[in-house]
Amino acid sequence: MTTATLNDYVLLSAVLFAIGFFGVLLRRNTLVIFMSLELMLVASTLALVAFSRFNGTMDGNVFVFFILTVAAAEVAVGLAIIVALFRKRHTVQVDELNTLKN
Amino acid sequence: MLQHALFILLLPLVSAAVIALFLRRSGGIAAAVSTLTAASIAVISVILALQNERFTASSEWMRFGDFAISLGFKFDDLAALMLVIVGLVGLCVHVFSLGYMADDAAKARYFGGLSIFMFSMLGIVFADNLFMMYIFWELVGFSSYVLINHWHEKQSAADASKKAFIANRVGDFGFLLGIVMCYWLNGTVNLTELAAKGEAHTLVFSTLLPLLLFCGAVGKSAQLPLHVWLPDAMEGPTPVSALIHAATMVAAGIYMLCRINVLMVPDALTVILWTGTATALYAALCAITQRDIKKVLAYSTLSQLGYMVAAFGLGSLSSTHRHGTDAHTVVFAAGVGAAMFHLTTHAFFKALMFLGSGSVIHGCHHEQDIFKMGGLRTRMPLTFWTFTIGVAAIIGFPYLAGFFSKDAILYLAFANNPAVFALLALTAVLTSLYMVRLWKLTFLGAPRSDQASHAHEGGLTLTLPLVFLALLSLVAGYTAFYPNVFSGVFDLIPVAHGADHTIILITSVAVMIVGAGLGFTCWQSAPTDTLAEKAPGLFAALAALKNSFDRAYDYYVAKIQQRFALFVNFFEQIFLAGLIVRGLAGFVGLCGLGARALHVGNLNAYVYWFLLGLVGLWLFATGVVTL
């Protein structure tokens with residue numbers, strides 16, 4: 001059994017981030033875009049935890065606590081906005097949310 | 001005293017404001033308000049003058065660093081005399097207007113205009129510094145514009161008012177430059193301080209300074225070459241012509257010259273002298289061919305204003321007093337005395353004649369052509385007799401007002417400058433000529449039109465001012481008649497003694513008889529101008545002389561100024577409007593067009609921009625790209 005190295009964690013983090021990024025880029029549903037955003041956030045926290053573990057310091061871990069706290073608040077606000085949007089417009093597809101342009 | 005002065009200065013302003021704000025539609029009340037104001041001014045100004053209490057007062061209005069503009073009163077004998085003239089003539093004109101403008105549609109505007117004029121004119125009279133005088137100087141210009149333009153439906157009236165305003169602006173610009181120069185040279189424009197500096201011999205003189213200030217008088221008192229507006233200003237109602245364009249506003253130029261007498265230098269006086277003499281002679285020649293009763297009087301006013309300016313330009317006179325064996329010589333500003341004396345008498349008899357002509361025009365149902373009048377002597381006896389007094393006064397009939405003041409000027413000319421004396425005597429001949437022509441054609445003979453044969457005397461408001469002014473024209477020439485409160489001015493009037501006195505007396509009576517005789521015999525009471533029939537060449541020459549200035553100005557404006565303006569406009573279109581204004585706007589528009597292309601309205605597209613921005617930031621942070 002091989003133990004996971006720092007590179008494995010960073011690679012995993014990069015892959016998760018890329019998935020999230022392309023999700024934001026390509027998906028059309030606001031809810032999915034929002035989930036992709038969260039995925040990118042989590043990917044970066046994973047990298048922080050990994051660095052913290054392999055450096056033997058607590059800096060990264062402390063950061064992660066703060067990020068999770070803020071992210072929780074942000075998710076609450078973001079989801080509330082999306083719910084309000086759906087109530088108002090009966091859609092969450094970004095293609096149809098272009099009132100400012102027209 | 002100061003309160004009284006302040007009261008009569010502000011009263012007409014209040015009256016004008018009340019009329020403008022509340023009484024626009026009620027002409028009758030407006031007329032009453034304005035006339036009562038004029039009456040109060042007349043009464044209080046006479047009281048102020050008679051109380052013989054002279055004062056100066058001033059308060060700071062605004063300050064820029066070391067430079068302060070103050071508003072103040074300088075009430076000396078000169079101002080008191082002018083105040084009384086403005087007050088009395090103003091009252092007469094207001095009363096006359098009650099009758100003359102009774103049926104006018106825009107009565108409120110007319111009387112409001114008269115009030116604002118009274119305010120402006122009193123401001124000039126009281127002003128203790130040149131800046132304040134300039135402010136009111138422009139205000140009389142404005143009120144003159146409003147009143148000439150009273151019948152603005154008439155194109156000629158609208159044109160005349162614009163002409164008056166523009167011609168005055170030209171002169172006023174010189175006046176303004178003069179004020180700036182006065183401050184630059186002497187550090188003050190306060191008349192009292194200037195006089196004090198003159199006493200202390202610390203005044204800085206310059207030939208240019210009085211000439212620049214004189215520009216203001218050239219415009220306002222209609223001297224050559226800016227006289228063109230005054231004959232056209234006769235488009236205004238006749239009482240306005242009497243008040244503004246005969247007695248007071250046009251005399252303000254002479255008053256201003258007397259105010260700044262201390263700044264005068266011999267060279268400047270020579271220019272002023274010849275400008276006045278030329279105007280006097282030129283206008284007298286023009287008056288001979290006029291058909292319009294008001295135009296004759298307008299040119300006569302021009303000529304008399306030229307007389308006053310010439311009198312001022314003749315400058316001071318030294319007189320030798322003998323007390324037993326010792327003689328001492330006194331130099332005194334005889335020019336000021338003679339000019340102001342003639343201004344005073346002229347204000348009364350010219351206002352009388354203008355109001356007389358207004359009475360004639362009113363009686364003849366707005367007929368102004370003297371060749372269509374005639375025979376008014378029996379139909380309008382009161383107007384005839386008062387007008388006759390006015391004519392006699394202006395041609396210098398012995399022992400009437402004009403006789404004394406004209407003699408004073410002739411004597412001064414005789415003593416200082418024989419050439420000017422000859423020209424002024426010639427002008428006096430011409431004055432008698434055209435005034436008697438006017439008088440004969442209007443009042444004598446048989447009526448030459450229906451209007452004239454049905455002419456009738458106006459009401460009491462029309463005749464009362466005539467009688468009052470006729471009385472003043474009879475007595476205004478006697479300096480003894482005035483209470484001893486104007487001595488600051490009247491002591492300066494030159495009086496001929498001995499042989500000089502005889503020469504002047506003979507000359508003045510001779511020129512009057514020659515002129516009046518020629519005028520009476522040369523023109524027949526006919527519907528056509530006798531001069532035009534008997535001597536068409538001379539008539540055409542005089543008419544061409546009259547038109548020469550208008551032609552020259554037309555040519556200048558149309559051919560020179562207009563072309564220059566088009567040329568400048570071309571540059572303006574290319575550089576200012578084209579390159580700078582349109583160019584800048586176009587550039588900003590282009591930027592907007594580019595920025596708008598980025599705004600596609602698609603959330604995914606914005607993520608690409610976000611990515612691009614991130615890459616850019618990363619490149620900058622790693623130092624690959626530097627700004």
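In chain A, take the contacts between residues at least 6 apart in sequence: 48% of them join residues at least 24 apart. The model is predicted. Chain A holds three helices and zero strands. Read from the N terminus, its elements run α-α-α. Of its 102 residues, 9% are buried. Its C-alpha atoms fill a box of roughly 55 × 25 × 25 Å along the principal axes. The radius of gyration is 17 Å, while a compact globule of 102 residues would have one near 13 Å.

Now turn to chain B. Its secondary structure comes to 25 helices and four strands. The chain has 627 residues, and 50% of them count as buried. Its C-alpha atoms fill a box of roughly 110 × 70 × 50 Å, again along the principal axes. For contacts between residues at least 6 apart in chain B, 80% join residues at least 24 apart.

Where do the two chains meet? Six residues of chain A are in contact with seven residues of chain B. On the side of chain A that touches chain B, the residues divide into four nonpolar, one polar and one charged.

Next, follow chain B from helix H2. H2(B) covers residues 27-50, which is 24 residues. From first C-alpha to last it reaches 34 Å, close to the 34 Å expected at 1.5 Å a residue. Just after H2(B) comes B:Asn52, with a positive phi of about 60°.

Then come two strands. S1(B) spans residues 55-64 and S2(B) spans residues 67-75. They run antiparallel, and nine bridges join them. One facing pair is B:Thr56 in the first strand, opposite B:Lys74 in S2(B). The two strands form a hairpin with two residues between them. In that turn, B:Gly65 has a positive phi of about 60°. Is S1(B) packed away or in the open? Of its ten residues, the number buried is zero, so S1(B) lies largely in the open. In a regular strand, side chains alternate between the two faces of the sheet.

The interior of chain B gives another picture. The largest nonpolar core has 202 residues. Within this core, B:Ile254 and B:Ala351 have the most contacts. Which helix gives the most to the core? That is H3(B), residues 77-100, with 18 residues. In soluble globular proteins, nonpolar side chains tend to be buried together.

Look at B:Ala351 in more detail. Leaving out residues up to four places away in sequence, B:Ala351 touches B:Val89, B:Cys92 and B:Val93. B:Ala351 also touches B:Ala242, B:Ala246, B:Ala247 and B:Leu469 on the same count.

A last stop is B:Gly458. This glycine sits in the loop between helix H19 (450-453) and helix H20 (460-475) of chain B. Why does B:Gly458 count as buried? The cut-off is 20 or more other C-beta atoms within 10 Å. B:Gly458 has 20 C-beta neighbours inside 10 Å, so it counts as buried. Not counting residues up to four places away in sequence, B:Gly458 touches B:Gly99, B:Ser359, B:His362, B:Gly363 and B:Thr463. The C-alpha atoms of B:Gly458 and B:Val360 are separated by 8.9 Å, and these two residues are 98 apart along the chain.

Methods. Residues are numbered from 1 along each chain as its sequence is written. Chains are lettered from A and ligands numbered from 1 in the order in which they are written. A residue is buried if 20 or more other C-beta atoms lie within 10 Å of its own, exposed if 12 or fewer, and partly exposed in between; C-beta atoms are placed from the backbone. Two residues are in contact if their C-beta atoms, placed from the backbone, lie within 7 Å. The radius of gyration is taken over C-alpha atoms; the globule rule is 2.2 Å times the number of residues to the power 0.38. Two strands pair if DSSP finds at least two bridges between them. The expected span of a helix is 1.5 Å times one less than its number of residues. Ala, Val, Leu, Ile, Met, Phe, Trp, Tyr, Cys and Pro count as nonpolar, Asp, Glu, Lys and Arg as charged, and the others, Gly among them, as polar. A nonpolar core is a set of buried Ala, Val, Leu, Ile, Met, Phe, Trp, Tyr and Cys residues joined through C-beta atoms within 7 Å.
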